[in-house]
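Student: I am new to this structure and should like to learn how its features are read. May we take them one at a time, beginning with the surface?

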Amino acid sequence: MCRNIRPLNNFEPPATDDEVHAAALQYVRKVAGTTKPSKVNQEAFDRAVEEIAHITRHLVDDLVTTVPPKDREAEAAKARARAQQRYAS
C-alpha cells in the first residue's frame, strides 16, 4: 500500500506538489487501513491528506543538505534495473 511513498528531498528538479500529495495520500491510506474511506469518514480522510501534504511540503522545502541533488532520471533507471534483477525469471 505504501509503494508510492518515495524520498522527495534533494532531487533535481524538486518534488512537485502532486508528488507530495501522492505520498501524503499513501501515508493516510496506510494509517487508516483503507484505500477508500466510507462516506462518513471521507471528510476526515481528505483533511488528513491535505494537512500531511502541507506539512510535508514545508519539511521538504526546509531541509538543508550539502550533497548535490540527485537526478530523477538516473535514480529511476537504477530502480528499474533493481526491479528487473529482482523479478527476472
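Student: How many Å² does the accessible surface of the protein chain come to, and what share belongs to carbon and sulfur atoms?

Tutor: This is a predicted model. Its protein chain has an accessible surface of about 6900 Å², and carbon and sulfur atoms hold 55% of that area. Of the 89 residues, 18% are buried, where buried means under 20% relative accessible area.

Student: What radius of gyration does the protein chain have?

Tutor: The radius is 16 Å, whereas a compact globule of 89 residues would have one near 12 Å. The C-alpha trace spans about 45 × 40 × 15 Å along its principal axes.

Student: In what order do the elements run from the N terminus?

Tutor: The order is β-α-α-β-α, giving three helices and two strands. Among contacts with a separation of 6 or more, 68% join residues 24 or more positions apart.

Student: How should a helix such as α3 be read, and which residues form it?

Tutor: An α-helix has 3.6 residues a turn, so residues three or four places apart point the same way. Helix α3 comprises residues 72-86 and reaches 21 Å from first C-alpha to last, close to the 21 Å expected. At its start, a side-chain oxygen of Asp71 comes to within 3.1 Å of the backbone nitrogen of Glu73.

Student: Where is confidence lowest, and where is it highest?

Tutor: Where pLDDT is low, the predicted coordinates should not be read in detail. Here the mean pLDDT is 91, and 94% of residues reach 70 or more. Strand β1 (residues 11-12) is lowest, with a mean of 88, and helix α2 (residues 42-62) is highest, at 97.

Methods:
Residues are numbered from 1 along each chain as its sequence is written. This is a predicted model: local features need pLDDT of at least 70, side-chain atom pairs count only at pLDDT 80 or more; totals for chains, interfaces and linings use all residues. Side-chain values use heavy atoms; hydrogens and water are left out. Helices (H or I, at least four residues) and strands (E, at least two) are DSSP runs, numbered from the N terminus. The expected span of a helix is 1.5 Å times one less than its number of residues. A polar contact is a pair of N or O atoms within 3.5 Å; within protein, one must be able to donate a hydrogen and the other to accept it, and residues adjacent in sequence count only if both atoms are side-chain atoms. The radius of gyration is taken over C-alpha atoms; the globule rule is 2.2 Å times the number of residues to the power 0.38. Buried means under 20% relative accessible area, exposed over 50%, partly exposed in between (1.4 Å probe, protein chains only). Contact means heavy atoms within 4.5 Å. Accessible areas come from the Shrake-Rupley method with a 1.4 Å probe; for residues, only the protein chains shown count as cover. pLDDT is the predictor's confidence in each residue, from 0 to 100.
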